[in-house]
Every structure is written in structure tokens, then in C-alpha cells.
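Here are two exercises to work through with the model open beside you. Try each task before reading its solution.

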Amino acid sequence: MAYFDELETRSTHDRAAHQAAVLSELIDGSLVEQPVLRKSDLGALQAGKPPFGGLVKPGFSHVFQSPGPLYEPGFDSADWWRFGRFLAACGIGEGDIVQNCFGYHLTPAGTMFENGARAVGAAVLPAGTGQTELQVQAAAHVGATAYAGTPDYLKVILEKADEMGVRLGITKAAVSGGALFPQLRQYYEDRGITCLQAYATADLGNIAYESEAKDGLILDEGVIVEIVTPGTGDPVPIGEVGEVLVTTLNTDYPLIRFATGDLSAFMTGASPCGRTNLRIRGWMGRADQTAKIKGMFVRPEQVAALVARHEEVSRARVIVTRQGDADHMVVQMEAPDESVDYSASLPEVLKLRGDVQIVSPGSLPADGIVIEDQRDFEA
């Protein structure tokens, strides 16, 4: 499979220099000094100055809506959402007809993938979702060679084609918007279809993508990704799970340190495919672990504030269970001295009383979880 451009194989030094140059046009100071931007912040900005909160340059061609509601812009410029690189990694290019089964109504996914298909010279069948029998007929009649959509919907199309006795020519699949489970990927491979996945959002466009190596997700060249402790902007060590923050190097619509709410982790080394950018392990859960305990909400930001309150405490984890008919909260705190009593800080910071367990530094799991809800509400 061919690379999309030479940026994918540039040196770490050249990549960092380019990112720094673009960032200097977007922000004052260093990136880590910038505040974290969350969806709630974006919603407030948009409510005050619709539709985009004053963050978008003039000249946008589309307005999309996501739940919230939040609004995202679209521009007609080449590969504006940066999906061309992912489609090229899937082997999609000139001569291909992509059956695009992402939605085109209000949401941006369909347009995002169509914009990327144009960047690699492929034609598009704008199929959207539903009407599976018509999807099969259209794919057969126009000779669709590739699929774009959620991981599981292609299987629905293929099974309907089998039922109808129709043979399809799809050999490539670019999927996103859901989990690509190993057994589903194997199902496609058994049918001669190479299926790769991307990690993207409506706000940010493409963030990271799989290559033919199928060894983690490679960061797109148009973003900077940080992995931080949930509820903070503090980076975690390489390999440790944390919340994904994304900065888009897009002067039309720059989002700086945008919190996705997703958990992931950086991988060490470079991809065997030869692309040199950093890799992440893919989606590993949600960072928004807010839990309602004894009628009060406890948020990751509060746990981070609890840690920051005590210089010698390195990490903390809230564990909530049920004891009889009541909630019970235990706060595990990594600290060197087991004799120190931190219990007075709980009602001051978490607004709740609970038990404190002192654990040795480095002993809490590095899984990105700061609020572990063990309650079984169905029991």
C-alpha cells in the first residue's frame, strides 16, 4: 500500500518543527500552558456566539449538528478532515468506487469520508444508512470496490447479498464509529476484504488510523495528541492509560487541547509499516467517570484536586460500592507515609466522607480509572 504523502515518513525532528511553527500562529506560549477545552466549554461558546462560538474563519461550506446540540463546520478545501491519509492506508485510490454508508444528514461523517475519497481520487456512491437491499443492488450495479461505514454494517450488506444471490466486488473497507472486534475483522478477511479502522470525531475529524501493519493507530499528521490524567491536563508516562486531548493544526477551525473524553495510551516505537508518527492503542474506555455517590456527583476533576492538595500524594482512586442499602466510598491514595490521615480532605474536596486507604507509590493500576464504580444496580 502506498503512502498518502511524504509527511508520514518524516523525521521526528522535522515533524516537531512543523508543529511548532503552526502552533505559533494559533496560540501564545507553550501548548501545555493552554487550558483544556471540553465539550461543555464548546457548547457555552456556541450558545453565546452561534453557530461556532467565534472559533471558525469565514468561508465555511457546511454546518453540521451533533447531540448537545453542538455544531461543527465544514470546508470544501482538499482533505479538510484529513481522511485521505486513512483511505490511502486502506489501499483506496483512483479506480475505486467507495460505497459510503456513513450518514449524510446533519452529522458530518458522510461528508468527511467523501472529502477524503476525493483526496485519493476515488469515486463515491453516497449510500448513507438503511435500505440494505437497495444497497446491495447499487453496489453490484455500479461495481463498488470499497466500503466506508461502521464496522458491523458491511456484514449486514454482505449477508443480504448472500441471501439475494448477488456477488459483490468489495475488497477494501474503511471503518470507524464503533469497535472492530477481532472476529469481525476475521470474517471480512475470510471473504477477501481488507478492513482497517480510524479513530475520529465530529469535532476533530480524523485523529489516528490503522495501516496495513494492524499494529496500533498512527496519529494523523494534522493533529497533536496528548494523553493526560482524566480531569486534568497533566501528561501521563508513555504506555499509561489516560484521557485523549487533541489539538488540530487547522487554521480554519483550531481546537486547542480538546478533550475527547476517551481513554487510550501511547505505544512505544514506530509502526512496522514505515510511518514514523506516534501510535496509540485505540479506544480503551471513557474518561468521564463521574459517579453519583450518596446523592452527590464526584468528578475526575475533584479527584485530581485532592491529589494536588497534598504534595506527597502521587495518585488517587475512588472506589464506590454498596454496603447494604447505602453507598460506600473508599479513596485509595498513593503516599509514602501510611501514618498520615487524609480523611479530613475528603469532605472539603469531594464533598463526601469516606474511608482512606494509603497505598505505596506506583501501586495503583495505570489504567486511566480514577473513579471505579463497583455498584451493581441490577442485583
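Helices (H or I, at least four residues) and strands (E, at least two) are DSSP runs, numbered from the N terminus. This is a predicted model, where local features need pLDDT of at least 70, side-chain atom pairs count only at pLDDT 80 or more, and totals for chains, interfaces and linings use all residues. Residues are numbered from 1 along each chain as its sequence is written, and side-chain values use heavy atoms, with hydrogens and water left out.

**Exercise 1.** Place Asn-206 in its strand and work out whether Asn-206 is buried or exposed.

Solution. Start with the strand: Asn-206 belongs to β8 (residues 205-209). Next, check accessibility (buried means under 20% relative accessible area, exposed over 50%, partly exposed in between; 1.4 Å probe, protein chains only). Asn-206 comes out at 0%, so it counts as buried. Then list contacts (heavy atoms within 4.5 Å): beyond four places in sequence, Asn-206 touches Trp-81, Phe-86, Tyr-199 and Asp-220, among others. Finally, look at pairing (at least two DSSP bridges between two strands). β7 and β8 form a hairpin with three residues between them, antiparallel over four bridges, with Tyr-199 opposite Ala-208.

**Exercise 2.** Which strands stand at the edges of the open sheet of four strands?

Solution. First write down the order, β19-β18-β17-β20, with mixed pairing. Now count partners: β19 (355-359) and β20 (371-373) each have a single partner strand, so they are the edges, and one side of each lacks a neighbour in the sheet. Last, zoom in on β17 (residues 316-323), which runs parallel to β20 and is joined to it by three bridges; Ile-319 has Glu-372 in β20 as its bridge partner.
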